Amino acid sequence: MNKTNPAIIWFRQDLRVNDNQAFNAAVESGMPILPVYVLDNENAGEWALGIASRCWLIQSLTALNKSLEGHLRFFKGPADQIIPKLANEVNASGVYWGRCYEPWRIHRDQYIKTTLHQNNIQAKSFNNSLLFEPNRILKPDGTPYKVFTPFFRNGCLQATQQTDLTVKTASVRVFDQSPVGEDINELDFSLDSNLQAAVQNNWQPGELGALNQFNRFLDHGIQGYKEGRNFPGTDHVSRLSPHLHFGEISIRQVWHSIKNETEADREDIEHFLSELCWREFSYNLLYHRPEMPRKNLQEKFDKFPWRDNKKDFNKWRLGETGYPIVDAGMRELRQTGYMHNRVRMIVGSFLVKNMLLHWHHGKDWFWDSLFDADLANNSASWQWIAGCGADSMPYFRIFNPITQGRKFDPQGVYIRRHIPELAKIPAEHIHMPWVAGTKINYPTPILDLASTRKRALKALGSTRN
DNA sequence: ACGGCGGTTGAGGGT
DNA sequence: CACCCTCAACCGCCG
């Protein structure tokens, strides 16, 4: 093996150069590096990237390519064929990547690792995406936690130190002997112009954008986070979820910075850490219950009498239910590729409980619409709100969108931002615009809260044994 | 309106 | 006997 055997860095969900263990290991191997990205819809099957994810991804990759001075090379197709073939063609010394934990990826990557080893090519994977490997945090008896609070308190907070941040030492040499792959602009990402505009107008994908967003949160959001995070009209959530999903910022860096933040109150800090650990918890669940994206974790919900109503689903999807807080959330999603967490719970409860539609419909719509669409988080959260998940919200707790709106968006700041038709409605009527008596271009409620609530509770009865 | 989880407690039995 | 370990039963919490 001579000096020209490149070390392939296979970027996946770790689109950054700082605190990237795979990147550092490849550089430190002493071989020139060959950074690659593979857009793999084939191996992903039904979990191929949603439309919003693709619109974010191309921006993030463009940013990464820029920080790699244009040396990132692109491929499209099944990675289980492309990576071994490429490694052979360029006589790679090794392939380095950050681990992903979707069941299809675990399966695919294991195959790739074996194939590379059979060809005497090193294959090294690293934890670039989580604080803890998904099978690391276990109860004293060795079984996985099923409840979040002890997972967080006795598991995560007690776990020995997270891996320290890595520091780059060696200087980077790039492999440029034979051009491989394609230019990013030659790849077909099947983009959507509305969502592309949503990225441009609201976000800055990539490592720099992630850091900027994190610093904004440290400056303005974390102080008062515990309370403030419930109010979608204020600026108290981190909005880091898309950046974390694509690994544009290191979760270890976020954890350490927040933990050592001295300006904020202890309870604000601890609450934000717990939110980071909900993400860990979702990955833990997915690892131990790989069927989670499709199957109810509580089997008794398999008997639940879901309705099937395209018309209702469309009203929900488009934000035309007539309940302002629900519609504002669904419109925020369409306009910005994101939705405030409190509102995600409200729209989820409305779909599953008031409309009595299966959580799959919500999960699939979110998968296609969210820039932070993430298999573990999305499926765990939908099961949570639907009441069929582990450590779930009890099914009989049904959010009332009027009460929730009054409580968490009292003046209607959030509602007015996303539903301009309601801009002039006085605060006292903002959550029930139909009683205001003003003529406005906004639908009257498509369903009655009290009777649909009763219907849901009755439906719940049929899940008992 | 539920019910699973996990912390606690105490009985019982072994060393 | 004194101590400790195990395990089942119970209770309160919290999603």
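Tutor: A residue is near a molecule or strand if one of its heavy atoms lies within 4 Å of it. The model is predicted: local features need pLDDT of at least 70, side-chain atom pairs count only at pLDDT 80 or more, and totals for chains, interfaces and linings use all residues. Residues are numbered from 1 along each chain as its sequence is written, chains are lettered from A and ligands numbered from 1 in the order in which they are written, and side-chain values use heavy atoms, with hydrogens and water left out.

Student: Of the atoms of DNA strand B within 4 Å of the protein, what percentage belong to sugar or phosphate?

Tutor: Residues around DNA strand B include Lys-139, Asn-154, Phe-396 and Arg-453. Its atoms within 4 Å of the protein are split between bases and sugar or phosphate, and the sugar or phosphate part is 54%.

Student: Which residue has a side-chain N or O atom 2.4 Å from a base nitrogen of DNA strand B?

Tutor: A polar contact here is a pair of N or O atoms within 3.5 Å; within protein, one must be able to donate a hydrogen and the other to accept it, and residues adjacent in sequence count only if both atoms are side-chain atoms. The side chain of Lys-139 has an N or O atom 2.7 Å from a phosphate oxygen of the strand. Phe-396 uses a backbone N or O atom, 3.2 Å from a base nitrogen. The side-chain contact to a base nitrogen at 2.4 Å belongs to Arg-453.

Student: Which helices each supply at least two residues of the surface near DNA strand B?

Tutor: Helices (H or I, at least four residues) and strands (E, at least two) are DSSP runs, numbered from the N terminus. Chain A has 19 helices and five strands. Those that each give at least two residues to this surface are helix 5 (148-156) and helix 19 (449-461).

Student: Which residue has a backbone N or O atom 3.3 Å from a sugar or linking oxygen of DNA strand C?

Tutor: DNA strand C is surrounded by Trp-384, Asp-391, Ser-392, Met-393, Pro-394 and Arg-397. Of the strand's atoms within 4 Å of the protein, 60% are in sugar or phosphate. The backbone atom at 3.3 Å from a sugar or linking oxygen is from Asp-391.

Student: How much space lies in the largest cavity?

Tutor: On a 1 Å grid over the protein atoms alone, a cavity is a set of points where a 1.4 Å probe fits but cannot get out; lining residues have an atom within 4 Å of a point. Grid points are joined across faces, edges and corners, and a volume is the space filled by probe spheres set on the points. There are four cavities of 30 Å³ or more. The largest cavity holds about 260 Å³.

Student: Which domains does the largest cavity lie between?

Tutor: Its lining has 26 residues, and those nearest the centre are Gln-13, Tyr-37, Leu-49, Trp-104 and Arg-105. Domain bounds come from an automatic or database domain assignment. Two domains both give residues to the lining, so the cavity lies between domain 1 (1-128) and domain 3 (299-461).

Student: Which domains does the second largest cavity lie between?

Tutor: This cavity holds about 60 Å³. Among the residues that line it are Gln-13, Arg-99, His-245, Tyr-283 and Asp-374. Helix 9 (241-245) and helix 11 (266-288) each supply at least two lining residues. Two domains both contribute to the lining, so the cavity lies between domain 1 (1-128) and domain 2 (130-163 + 193-288).

How values were computed. 1 Å grid on protein atoms, 1.4 Å probe; cavity = no way out; pocket = protein on both sides within 12 Å on 5 of 7 lines; lining within 4 Å.
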